Amino acid sequence: MAQFDRQVQTALKLIAKNGQAVKWRVVRDEPPVDASQPWKPTNDATPVEKDVSICFLTVDRMTFETLSFMNGGEVPTGAVLGYMGAVDFEPSLKDVVIRDGKELRLENIDVLSPNGQTMLYTVVFKG
(Lines give C-alpha, C1' and ligand atoms only; values in the text may rest on other atoms or scores of the structure.)
Protein backbone atom coordinates (compact mmCIF):
# COMPACT_ATOMS: atom_id res chain seq x y z
CA MET A 1 0.00 0.00 0.00
CA ALA A 2 1.43 3.35 -1.05
CA GLN A 3 1.53 6.38 1.18
CA PHE A 4 -1.01 8.50 -0.75
CA ASP A 5 -3.57 5.88 -1.82
CA ARG A 6 -6.38 7.54 0.13
CA GLN A 7 -5.67 10.94 -1.47
CA VAL A 8 -5.50 9.40 -4.94
CA GLN A 9 -8.88 7.71 -4.40
CA THR A 10 -10.39 10.98 -3.14
CA ALA A 11 -9.11 12.83 -6.23
CA LEU A 12 -10.51 10.16 -8.55
CA LYS A 13 -13.87 10.21 -6.76
CA LEU A 14 -14.20 14.02 -6.91
CA ILE A 15 -13.13 14.18 -10.56
CA ALA A 16 -15.61 11.44 -11.47
CA LYS A 17 -18.37 13.30 -9.59
CA ASN A 18 -17.64 16.78 -10.99
CA GLY A 19 -15.94 15.89 -14.25
CA GLN A 20 -16.91 14.62 -17.65
CA ALA A 21 -16.29 11.21 -19.21
CA VAL A 22 -14.08 11.64 -22.29
CA LYS A 23 -11.82 9.58 -24.53
CA TRP A 24 -8.07 10.04 -24.17
CA ARG A 25 -6.42 9.01 -27.44
CA VAL A 26 -2.92 7.77 -26.59
CA VAL A 27 -0.62 8.24 -29.59
CA ARG A 28 2.67 6.36 -29.64
CA ASP A 29 5.05 6.31 -32.57
CA GLU A 30 5.61 2.99 -34.27
CA PRO A 31 9.15 1.64 -34.30
CA PRO A 32 11.21 2.58 -37.39
CA VAL A 33 10.45 0.59 -40.53
CA ASP A 34 14.16 -0.21 -40.84
CA ALA A 35 15.96 -0.57 -37.49
CA SER A 36 19.31 0.24 -39.13
CA GLN A 37 17.90 3.65 -40.19
CA PRO A 38 16.16 5.05 -37.08
CA TRP A 39 16.09 8.59 -38.49
CA LYS A 40 13.64 7.66 -41.26
CA PRO A 41 9.95 8.42 -40.62
CA THR A 42 7.87 5.68 -39.14
CA ASN A 43 4.49 4.44 -40.19
CA ASP A 44 1.54 6.38 -38.82
CA ALA A 45 1.32 6.39 -35.05
CA THR A 46 -1.04 3.84 -33.56
CA PRO A 47 -3.72 5.49 -31.40
CA VAL A 48 -5.33 3.69 -28.48
CA GLU A 49 -8.39 5.22 -26.80
CA LYS A 50 -8.80 5.14 -23.03
CA ASP A 51 -11.91 6.13 -21.07
CA VAL A 52 -11.03 8.81 -18.50
CA SER A 53 -12.82 11.43 -16.46
CA ILE A 54 -11.59 15.03 -16.56
CA CYS A 55 -12.88 18.01 -14.61
CA PHE A 56 -12.81 20.91 -17.11
CA LEU A 57 -12.46 24.52 -15.93
CA THR A 58 -12.17 27.79 -17.76
CA VAL A 59 -8.95 29.67 -17.17
CA ASP A 60 -9.69 32.85 -15.22
CA ARG A 61 -7.12 35.61 -14.68
CA MET A 62 -5.65 34.23 -11.45
CA THR A 63 -5.37 30.70 -12.86
CA PHE A 64 -3.88 32.16 -16.07
CA GLU A 65 -1.18 33.98 -14.10
CA THR A 66 -0.44 30.94 -11.93
CA LEU A 67 -0.11 28.62 -14.93
CA SER A 68 2.05 31.15 -16.77
CA PHE A 69 4.35 31.38 -13.75
CA MET A 70 4.50 27.59 -13.29
CA ASN A 71 5.17 26.85 -16.95
CA GLY A 72 7.65 29.66 -17.41
CA GLY A 73 5.78 30.77 -20.51
CA GLU A 74 2.45 31.88 -21.80
CA VAL A 75 -0.89 30.18 -21.58
CA PRO A 76 -2.94 30.73 -24.73
CA THR A 77 -6.02 32.94 -24.52
CA GLY A 78 -9.16 30.82 -24.45
CA ALA A 79 -7.33 27.82 -23.04
CA VAL A 80 -9.21 25.22 -21.04
CA LEU A 81 -7.81 23.62 -17.91
CA GLY A 82 -8.51 20.05 -16.90
CA TYR A 83 -7.81 17.92 -13.84
CA MET A 84 -7.39 14.18 -14.33
CA GLY A 85 -6.65 11.65 -11.60
CA ALA A 86 -4.02 8.93 -11.75
CA VAL A 87 -4.36 6.74 -14.86
CA ASP A 88 -2.80 3.48 -16.02
CA PHE A 89 -0.86 5.09 -18.89
CA GLU A 90 1.70 7.87 -19.31
CA PRO A 91 0.05 10.99 -20.82
CA SER A 92 2.00 12.73 -23.57
CA LEU A 93 1.67 16.04 -25.43
CA LYS A 94 1.15 14.01 -28.63
CA ASP A 95 -2.10 12.64 -27.19
CA VAL A 96 -5.55 14.01 -27.96
CA VAL A 97 -8.69 14.23 -25.83
CA ILE A 98 -12.08 13.70 -27.47
CA ARG A 99 -14.73 15.80 -25.69
CA ASP A 100 -18.26 15.97 -27.10
CA GLY A 101 -16.97 14.72 -30.45
CA LYS A 102 -14.29 17.45 -30.73
CA GLU A 103 -10.55 16.93 -30.52
CA LEU A 104 -8.71 18.89 -27.86
CA ARG A 105 -4.95 19.26 -28.35
CA LEU A 106 -2.71 19.39 -25.31
CA GLU A 107 -0.60 22.45 -24.54
CA ASN A 108 0.91 21.35 -21.24
CA ILE A 109 0.74 18.49 -18.75
CA ASP A 110 1.85 18.87 -15.16
CA VAL A 111 1.80 15.98 -12.73
CA LEU A 112 1.45 16.05 -8.95
CA SER A 113 3.43 13.07 -7.71
CA PRO A 114 4.73 13.26 -4.16
CA ASN A 115 7.28 10.52 -3.46
CA GLY A 116 6.89 9.41 -7.09
CA GLN A 117 3.27 8.30 -6.64
CA THR A 118 1.11 9.95 -9.32
CA MET A 119 -1.97 11.61 -7.83
CA LEU A 120 -3.21 14.26 -10.24
CA TYR A 121 -2.56 15.60 -13.73
CA THR A 122 -3.16 19.25 -14.56
CA VAL A 123 -3.73 19.52 -18.29
CA VAL A 124 -3.90 22.76 -20.28
CA PHE A 125 -5.60 22.39 -23.65
CA LYS A 126 -4.86 24.64 -26.61
CA GLY A 127 -7.40 27.41 -27.11
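This passage describes the salt bridges, backbone angles and nonpolar cores of a predicted model.

Side chains of opposite charge can pair when their charged atoms come close. In the present model, the count of salt bridges comes to four. One of them joins the side chains of lysine 23 and aspartate 51, with an N to O distance of 2.5 Å. Because lysine 23 belongs to strand β1 (residues 20-28) and aspartate 51 to strand β2 (residues 46-58), this pair ties together parts that are 28 residues apart in sequence. The two partners fall into separate exposure classes: lysine 23 is partly exposed, at 33% relative accessibility, whereas aspartate 51 is exposed, at 62%.

Strands β1 and β2 are also linked through glutamate 49 and arginine 25. The side chains of these residues meet in a salt bridge at 2.8 Å, N to O. Since glutamate 49 lies in β2 and arginine 25 in β1, the pair ties together parts that are 24 residues apart in sequence. Glutamate 49 has a relative accessibility of 43% and therefore counts as partly exposed. Arginine 25 is likewise partly exposed, with a relative accessible area of 22%; the class begins at 20%, below which a residue is termed buried.

Arginine 25 has a further acidic partner in glutamate 103, and their side chains form a salt bridge at 3.1 Å, N to O. Glutamate 103 is located in strand β5 (residues 102-112) and arginine 25 in strand β1, so this contact ties together parts that are 78 residues apart in sequence. A relative accessibility of 42% places glutamate 103 among the partly exposed residues. Through shared partners, salt bridges join Arg25, Glu49, Glu103 and Arg105 into one network.

Attention turns next to the backbone. Most residues other than glycine have a negative phi. Aspartate 100, a residue other than glycine, has a positive phi near 55°. Its place is in the loop between β4 (96-99) and β5, and aspartate 100 is exposed, with a relative accessible area of 62%. Asparagine 115, also not a glycine, has a positive phi of about 55°. This asparagine lies in the loop between β5 and β6 (120-125). Asparagine 115 counts as exposed because its relative accessibility is 67%, and the class requires a value over 50%.

The nonpolar interior was examined last. In soluble globular proteins, nonpolar side chains tend to be buried together. The largest nonpolar core of the model holds 14 residues, of which Trp24, Val52, Ile54, Phe56, Val97 and Phe125 touch the most other members. Strands β1, β2, β5 and β6 are the elements that give two or more residues to this core. For phenylalanine 56, the contacts beyond four places away in sequence are Gln20, Val22, Val80, Leu81, Gly82, Val97, Arg99, Leu104 and Phe125. Val97 and Phe125 thus appear both among these contacts and among the core residues that touch the most other members. A second core, separate from the largest one, consists of six residues, including Phe4, Val8, Ile15 and Met119.

Note on methods: Residues numbered from 1 in each chain as written. Predicted model: local features only at pLDDT ≥ 70, side-chain atom pairs only at ≥ 80, totals over all residues. Heavy atoms only, no water. Helix = DSSP H or I, 4+ residues; strand = E, 2+ residues; numbered from the N terminus. Buried < 20%, exposed > 50% of the residue type's maximum accessible area, 1.4 Å probe, protein only. Core = buried A, V, L, I, M, F, W, Y, C linked by side-chain atoms within 4.5 Å. Contact = heavy atoms within 4.5 Å.
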